[in-house]
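Colleague: Could you take me through this model? I should like to begin with how the chains meet and then turn to some details.

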Amino acid sequence: MKIERELMRGAGPTAVLQLLAGGEKYGYELIEALSRHSNGVLAMGQSTLYPLLYNLEAKDLVKSRLDESGPRPRRYYRLTAKGQRKLAADTKQWQALWESLRSLGIPPQPARTAGGAR
Amino acid sequence: MIYARRVPCRLGYTRIRDALRGRTSLDWRQAVATADLPAEISDLIRNTVRRTRLWRSEKIDVARELAAHFQDGLGTGRTPQQLIHSFGDPRLAAQLIRRAKRCGRPLAWHVGRGVGRMMTVLVIAYVAVGLYVLSARPSIKTDYLAIFNARAFAVPEAERAWPLYRNAMNAMAGSGDCPGPPNPVAHNVHWEDAGWSEAEQFVMQHAAAIALLREAGRRAALGLPVWPEDESFAPEDRSFLGRPSAANADSQRRTFPDLKDRLLCETQLPQTELLRRASQLLAIDARRAALAGNARIALADVLAQSGMSRQVQEAPCISCALVAGEILASAYSVVQNVLTDQRELWSDDELRDLAREFVQFDIDWGRAIEGQRNMFYDVVQRIYTDDDDGGGRFVPGGMRTLSRLVPRYQTWKQRDYWWPTGKAGFFALPAADLYIASRAKMTAMYERHLGRVNRTLATPIWEWNLSPHQPSVPSFDDQPWQAYRHYLVSVFAPATERVPHMAEYRRGQRDGVLIGIALERYRREHGNWPASLSELAPHWLPALPVDRITGKPLHLRVLDDRVLVYSEGVDRDDDGGRLPPGHAGNHETPAADFAAPIFWTGDPTTEFANDGDWVIWSTTKGREPSNGHRVESEE
């Protein structure tokens, strides 16, 4: 299942920040991780990921460094302190949003049994 | 075509530019080539990076990162086609990358970009205003020069006084640059002056010319149309245009290739200087005749002077009114001289004729102000469009017209102002349009000023509410930028500012000479002076003039066999007819100004002391009032 662009526009940065919270990663690694952790739901094209990373870097939420010690030069991204604060704030907002959607029945509550047990 | 459109962008990010910046090894294509990727992937990266149109340093970062990305993808076993497919649209990628990378650029770049955009908008707006101004055309609806000359044209040729003046002056051509007597002779010389013999000799030698002047002065009108350009004057009149004869060469001649381009305010007034000099000659001749006991000629000379003051006002302007006042003052001084030293010269009837002449005639200051207004509106209609509702826009030729007024403004304010002309003027047009007050605002300010002047003119001095610190005309002394903004007002308002003062001054002089004539007639009948001026009315004077400064009765003082009539002056207290020390005034100070004219030397640096009276008539042994008169020596 693919997420619609508008939804992805809000969720993508938070997802990337969350992945970087686990340590620095390079572009392809992030793409793979997004695809793997979300069963492909949050998989984004490279044409979207790299601009997203550059945007986060421009906002000083992530920092990058070029590592030329490996077989090929790679640019690694890591979370900044500002990025951590942003992630924390976004996480709270997503939780609040999620709770609100749940209270509206999204996703639908499992049907109650006659005994009241789920 | 596409390539051509991108050339500027390509030029902006070339290797040469990098080299100039001191950056080397920024060949992003090389970074793609050395990544050893399949051709289709290399093409995709090149295509994407090229489309970003980023700085070369940014491009090489993006190229390296994308190359590493695809290398990683190939390393996981994916095929180039799969990777290309999952990469997405390279055009969209380039667009998003460009946008994101530019966001991350330094603050200075963002500031510069903002400033650049703002400047671009301003330049576009400026050009748009310029085009707007270029589309404006003046609407010259009124021929103010025709209005100015209307009276002159209305005079039948046979009744014109001007040809007589011209012939008289040509007959007296002396050593000066202009036709007429040499300057030393042309002054208002009194018989006790050092130059009297020379002056007397001159008028006697030119008796025929003086007779012509006398005849001309009694004609009803001058009949001289005047023009800004030399060519419109008759050839025989061009020598009176006030320039040295040597300068009448073609290069010095005032011409206008397009007669529509001439300004009313640039009209040449040869009659003012000529009539002033002619009046002075007649004053000399009147004194000569008085000394010789020739009452008829002396009277005719004075009456001719009065006629000249009327004729010179044929053209409605302040200059002409001021000269009319000077001519009248010269005539009054002759009367005063005669009634001081030759008081039996004129008969009662002749004195009555003189008084009647002076009563009948007053300087038409209102018409002079109207003429000045016409000069203002003549310029207005040339520098603004006319929307028929009082408004209008600045026109392209406006700057050139304003620059022609600079010498006039410098004359008033002794300041250097400059309006760009030529190419500079062309590029400054939008700024001028935006800065210079609109037609509506300019005319409204000028009308407010003229309204104040006319109200003051119609109000006696004792009701004036003028403070030295509240000039009636906007001076812009401390705001030269406002002088530019309201330039026309700056140029045209000062000429009218002093009119009420001069009008009251001349009226006071006339009051003085009328009272003087009445006093002399009273003395002849009673053998002594009246105890009070009130005894003169209504038999000797229809109505007794009041003190023009205080509104109270004028003072009469008898000193032996002589009389002195005076106003209390601006200090508004009775100093017994004593003139202020120095006899000079500061004409920059409106409230003090009125006392000053009678003592005004014309030198604004002369210190003014207002402790004294304004003597409007005196037969005490001395000089005419305009030169001041001390009575201390008589006491």
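Modeller: The answers below cover the interface, the salt bridges, a strand pair and one helix residue.

Colleague: What kind of model is this, and how are residues and chains labelled?

Modeller: This is a predicted model, in which local features need pLDDT of at least 70 and side-chain atom pairs count only at pLDDT 80 or more, while totals for chains, interfaces and linings use all residues. Residues are numbered from 1 along each chain as its sequence is written, chains are lettered from A and ligands numbered from 1 in the order in which they are written, and side-chain values use heavy atoms, with hydrogens and water left out.

Colleague: How many residues of chain B are in contact with chain A?

Modeller: On chain B, 25 residues are in contact with 19 residues of chain A, contact meaning heavy atoms within 4.5 Å. The two chains bury about 1,900 Å² between them, 56% of it on carbon and sulfur atoms; buried area is the accessible area (1.4 Å probe) that two parts lose on being put together, summed over both.

Colleague: Which residues of chain B lose the most area there?

Modeller: They are B:Glu65, B:His69 and B:Asp72, together 32% of what that side buries.

Colleague: And how many salt bridges are there between chain B and chain A?

Modeller: The count is 4, a salt bridge being a side-chain nitrogen of Lys or Arg within 4 Å of a carboxyl oxygen of Asp or Glu. A:Arg72 forms a salt bridge with B:Asp72, with the closest N and O atoms 2.7 Å apart.

Colleague: Which helix gives the most to the side of chain B that touches chain A?

Modeller: Helices α5 (56-75), α6 (80-87) and α7 (90-103) of chain B each supply at least two residues of that side, and α5(B) gives the most, with 10 residues. Helices (H or I, at least four residues) and strands (E, at least two) are DSSP runs, numbered from the N terminus.

Colleague: How many salt bridges does the whole structure have?

Modeller: The search finds 37 over all chains. In chain A, the side chains of A:Asp90 and A:Lys86 meet in one of 3.4 Å, N to O. These two residues are separated by about one helical turn because they are 4 residues apart in helix α4 (residues 81-103) of chain A.

Colleague: Is A:Asp90 buried or exposed?

Modeller: A:Asp90 counts as buried because its relative accessibility is 10%, whereas A:Lys86 is partly exposed at 36%. Buried means under 20% relative accessible area, exposed over 50%, and partly exposed in between (1.4 Å probe, protein chains only).

Colleague: What about B:Asp378?

Modeller: B:Asp378 forms a salt bridge with B:Arg382, the closest N and O atoms being 3.1 Å apart. Both residues are buried, and both lie in helix α19 (residues 365-383) of chain B.

Colleague: Changing topic, which strand does β3(B) pair with?

Modeller: Strand β2 (residues 562-567) of chain B pairs with β3(B) in the antiparallel sense over 4 bridges; two strands pair if DSSP finds at least two bridges between them. B:Leu564 stands opposite B:Ser618 in β3(B). Strand β3 (residues 614-618) is mostly covered, with 5 of its 5 residues buried.

Colleague: Lastly, where does B:Ala171 lie?

Modeller: B:Ala171 lies in helix α11 (residues 162-171) of chain B and, at 48% relative accessibility, counts as partly exposed. Leaving aside neighbours within four places in sequence, B:Ala171 is in contact with B:His206 and B:Ala209.
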